[in-house]
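Q: Hi! Got a minute to walk me through this one?
A: Sure, let's pull it up.

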Amino acid sequence: VRSSALTADARRELAQTREEIAQAEAANEALSTHHADHEDCLSLLDLDAGALAGRVPQAEEGSRLADLECVGDIRTLLVSLSSCSETRTAAIAEAPPPPGGGGGAGQRG
């Protein structure tokens, strides 16, 4: 009787663990899909500030374009994006590799 009770407990625990693994795999798949869907946007984070600035139309000081408020906003956003990129790079470098995912820390998937 004791053995069957232990077996039943082990089976319940196994079923619960399998369910948790299935949920984790589903979450991982959803995250991977979301990442793939937004890869074009995320790839901007790989660019350094100089490359990002090069993608923005340039305005000579004193030109009508340079005087627009949005130009200053864009410059501020570029600085912020560069900071986010540096933070992201540092976080990835410190992250442990995903279990069974191959690759090491600092690699995007």
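Q: What share of the contacts between residues at least 6 apart in sequence join residues at least 24 apart?
A: In this predicted model, 37% of those contacts in the protein join residues at least 24 apart, where a contact means heavy atoms within 4.5 Å.

Q: Before I go on, what are the ground rules?
A: Because this is a predicted model, local features need pLDDT of at least 70 and side-chain atom pairs count only at pLDDT 80 or more, while totals for chains, interfaces and linings use all residues. Residues are numbered from 1 along each chain as its sequence is written, and side-chain values use heavy atoms, with hydrogens and water left out.

Q: Cool. How many helices and strands are there?
A: The protein has four helices and zero strands, giving the pattern α-α-α-α along the sequence. Helices here are DSSP runs of H or I with at least four residues, strands are runs of E with at least two, and both are numbered from the N terminus.

Q: And what percentage of the residues is buried?
A: Buried residues account for 8% of the 109 residues. Buried means under 20% relative accessible area, exposed means over 50%, and partly exposed is in between, with a 1.4 Å probe and protein chains only.

Q: How much area does the protein expose?
A: About 8,700 Å², with carbon and sulfur atoms supplying 58% of it. Those areas come from the Shrake-Rupley method with a 1.4 Å probe, and for residues only the protein chains shown count as cover.

Q: Switching to charges: how many salt bridges are there?
A: The count is two, taking a salt bridge as a side-chain nitrogen of Lys or Arg within 4 Å of a carboxyl oxygen of Asp or Glu. One of them pairs Asp9 with Arg12, whose closest N and O atoms are 2.2 Å apart.

Q: Where do Asp9 and Arg12 sit?
A: They are three residues apart in helix 1 (residues 2-37), so about one helical turn separates them. Asp9 is partly exposed at 39% relative accessible area, and Arg12 is exposed at 52%.

Q: Which residue does Arg88 meet in a salt bridge?
A: Asp46, at 3.2 Å from N to O. Arg88 lies in helix 4 and Asp46 in the loop between helix 2 (39-42) and helix 3 (49-54), so the pair ties together parts 42 residues apart in sequence.

Q: Is Arg88 buried or exposed?
A: Arg88 is buried, with a relative accessible area of 18%, whereas Asp46 is partly exposed at 48%.
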